[in-house]
Structure formats: structure tokens, C-alpha cells
Amino acid sequence: MPIPATRDQVGDETPAGRPIPPQPMDWGHTYVSITGSNGQGEEIPLVGFATREWPAIFMQAGATGLDAPPVELYSDESPNLDGSMYRSSRTAAREVMIPVFLYGIDRRTLRALKRKLISALSPKNGYCVLKFMEADSQPRYLYCYYKGGMEGNEGTDNAGFRWVKYGIQLTAMDPWFYSDDIQVAEWTFGGGTGFLRQGESLYPLKLSAGTLNNSSIPIVNPGEVAAWPVWKITGPVKGFEFTGPTGASFGITGAQDGADVVPDGRVLTVDTRPGYKTLRDDGGKNYYPLLDANPELWSAPSGRSTAGIELVAGAGTASLRLSLRPRYETY
């Protein structure tokens, strides 16, 4: 039976308060749009009315392929052991399906809407860009090619006089979601000092009138996977070398006669991204043949890491800018 407790037995202790349940955060709807022609066409919203104008396209429930990207596993088998032994893995292309509902005020507007969407998605016009934006206003972009789904079905459950349904099938050859570019750091020689745009301190920096030499420059990549830096070097610069967190490096050794590698006023862009891997200045000159032997255009891992930078500026005001585009596994 229960044992009654008197006030004397409890004493003056205050009973522990009841736990306060967490309160849900007010979160708006997710914005989704698609833009064709290599991202240069008209942005077409897929989540209802962006304005009060009709016709409209509605994204339906049932989209697939928008979370974790597919992974391919490689293994070795042994005739004397059960199972297999893991060897490696790679992230494969992402297959996406977006169900949409097109509604026109009449037959003519429906046909115009279909033509606009088909033209925007045509791979003949380039890739299309899926844009996702949550209530935190952080956009994520997925670059896709149209694969199928808009062939049409005039069945009573799939189309009507003023409406039609499609299951748009897309393939993202690059399976990662991207955010906007961020500028990580910039250094100016002969007219300023280095700074970080993300609130991270660069100190201690070893800056002189024309030299940057530091083996532990912090790089913060807010993404979930490795990102590929883009360097912009404004001359005059006599030589440079960039060393990544794993020891991989690339650079151009200065000429023995002291001539500038990057002339005064020229801007050399070093794009380390896969599919690019270029070193060109704003005048179109290709600097890739000038690289030192065995160059490795390295990436920055997720989170915080350090890199080594050696740069010798010429006589004048030179600058170095580092930017990257974070990548994510989902939107």
C-alpha cells in the first residue's frame, strides 16, 4: 500500500520542476524552383504561386532522390572466406524524380506552360538548376540533366483539358548540393593587410611589403564534403606555392632574372574544381604549362583545416583572394 508522507518527512526541499517540453520552431515552407539553359533561363517556381498570376506549376508529394546521394561499393572476394572484403567506395550520379501538376486557366495557357517547361528542361539547351531554400534563407543548388517523364499520358488520371501531371526524371552527374560562393580570405600587398570574411582570425600572419609566407593559414569549409578552392592572384607577383592540408601542393617558381610571373594589372584565376582545373588570366593566357613539376590542385576538407601559402609580390600592389563553394549531401 502507499506510504503517506508528512510535511516533516519532506522537509523544506522544493520538489523538482516538471520538464518543459521543447517548443517547435516556426518554420516556413520550402521554396523549390527549376532554371534551364545552364541556369541562365527563366526561373520557374515549383511550389505554387509565386505571384497571383495564373497558370501555375505545383510540385506534388512523392519527390525522390533529394537526400543522401547513391554510393557504389567495391569489394574483393576470397574463395576461402565468407563474404567479401571492403576495398573502396564512390558517390555515384544522383537520380531525381519531381512530380508536378500543371494548371492553366484554359487550354491555350496550359499548352504554353508545357512548352515553356519542356524547353527549359531540354538537355539540348544545357543543364538545369534545381534550387531549394528553407526558411533559414540558405539556398542549395543541384545541377541536373533532364532524362524523361514529360512524354505525356492522356489518361483520365493524368491529364485533362486544362491540367496535366508529370513525373520529371533528372540525373545529377555531380551528386552534391551547392551553396553560394563564399570568400574565405583576401590579402593585399603594398596597400593593406589580410582579413577573413567569415569571422575567423588569420593571425599570426607573416606579412611584409611584398611577401606572404605562412604554413598554417586557417581555412573553414562549412560544407559537408570537400570543396575546391578558387584562387585569384592579382599581379605583380614573382612566384607562388599553395600547399594543402594533406601536403599536396602546386605553384610557379619565380624566374631567375626576377621577372614577374603574373604581370602588373593581370588577374590569374586558379580554378581547382573538377572539370575545370585551369590557370588562366583575364587576358586569356594559359599558365598551366608554367606549373612546377607534379602539381596537385588540392581540395579543402569539410570543417576547419590549414594550408600553406608562399607568395612573393613584385613592385606594386598585388593581392590574393581565396574563395570556395561549399558542397552538401542534401538540401
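In which loop is Asn294 found? Keep that one in mind while you get set up. What you have open is a predicted model, so treat the tour as a walk through a prediction.

**Stop 1: Asn294**

Select Asn294 and look at the strands on either side. This residue sits in the loop between strand 18 and strand 19, the latter covering 303-313. Now check the backbone: phi is positive here, about 55°, although Asn294 is not a glycine. Is Asn294 buried or exposed? With 71% relative accessibility, it counts as exposed, because the cut-off for that word is over 50%.

**Stop 2: Lys277**

Next, select Lys277. You'll find it in the loop that runs between strand 17 (267-271) and strand 18 (278-281). Here's another residue other than glycine with a positive phi, this one near 50°. Turn on the surface and see how much of Lys277 shows: its relative accessibility is 30%, so it counts as partly exposed. That label belongs to values between the buried cut-off of under 20% and the exposed cut-off of over 50%.

**Stop 3: Gly235 and Pro236**

Pick these two together and zoom in on the bond between them. Gly235 and Pro236 are joined by a cis peptide bond, with omega at about 15°. To get your bearings, colour strand 14 (230-234) and strand 15 (237-243); Pro236 lies in the loop between them.

**Stop 4: the largest pocket**

Now select Tyr143, Asp174, Tyr178, Arg273 and Tyr276. Among the 18 residues that line the largest pocket, these five lie nearest its centre. The volume of this pocket is about 590 Å³.

Which strand gives the most to the lining? Highlight strand 8 and you have it: three of the lining residues come from there. Strand 8 spans 139-148, and strand 20 (318-324) is worth colouring too, as each of the two supplies at least two residues of the lining.

Try colouring the lining by residue type as well. You should get 11 nonpolar residues, six charged ones and one polar one.

**Stop 5: a patch on the surface**

Finish on the outside. Select Val71, Leu73 and Tyr86, which make a nonpolar surface patch of about 370 Å². Val71 is found in strand 4, residues 71-77. Leave the surface on and click Val71: its relative accessible area is 51%, so this residue is exposed.

How values were computed
Residues numbered from 1 in each chain as written. Predicted model: local features only at pLDDT ≥ 70, side-chain atom pairs only at ≥ 80, totals over all residues. Heavy atoms only, no water. 1 Å grid on protein atoms, 1.4 Å probe; cavity = no way out; pocket = protein on both sides within 12 Å on 5 of 7 lines; lining within 4 Å. Points joined across faces, edges and corners; volume = space filled by probe spheres on them. Helix = DSSP H or I, 4+ residues; strand = E, 2+ residues; numbered from the N terminus. Nonpolar A, V, L, I, M, F, W, Y, C, P; charged D, E, K, R; others polar. Buried < 20%, exposed > 50% of the residue type's maximum accessible area, 1.4 Å probe, protein only. Patch = residues over 30% accessible without salt bridge, like charges linked within 9 Å, V, L, I, M, F, W, Y side chains within 5 Å. Areas by Shrake-Rupley, 256 points an atom, 1.4 Å probe, with all protein chains shown as cover. Salt bridge = Lys/Arg side-chain N within 4 Å of Asp/Glu carboxyl O.
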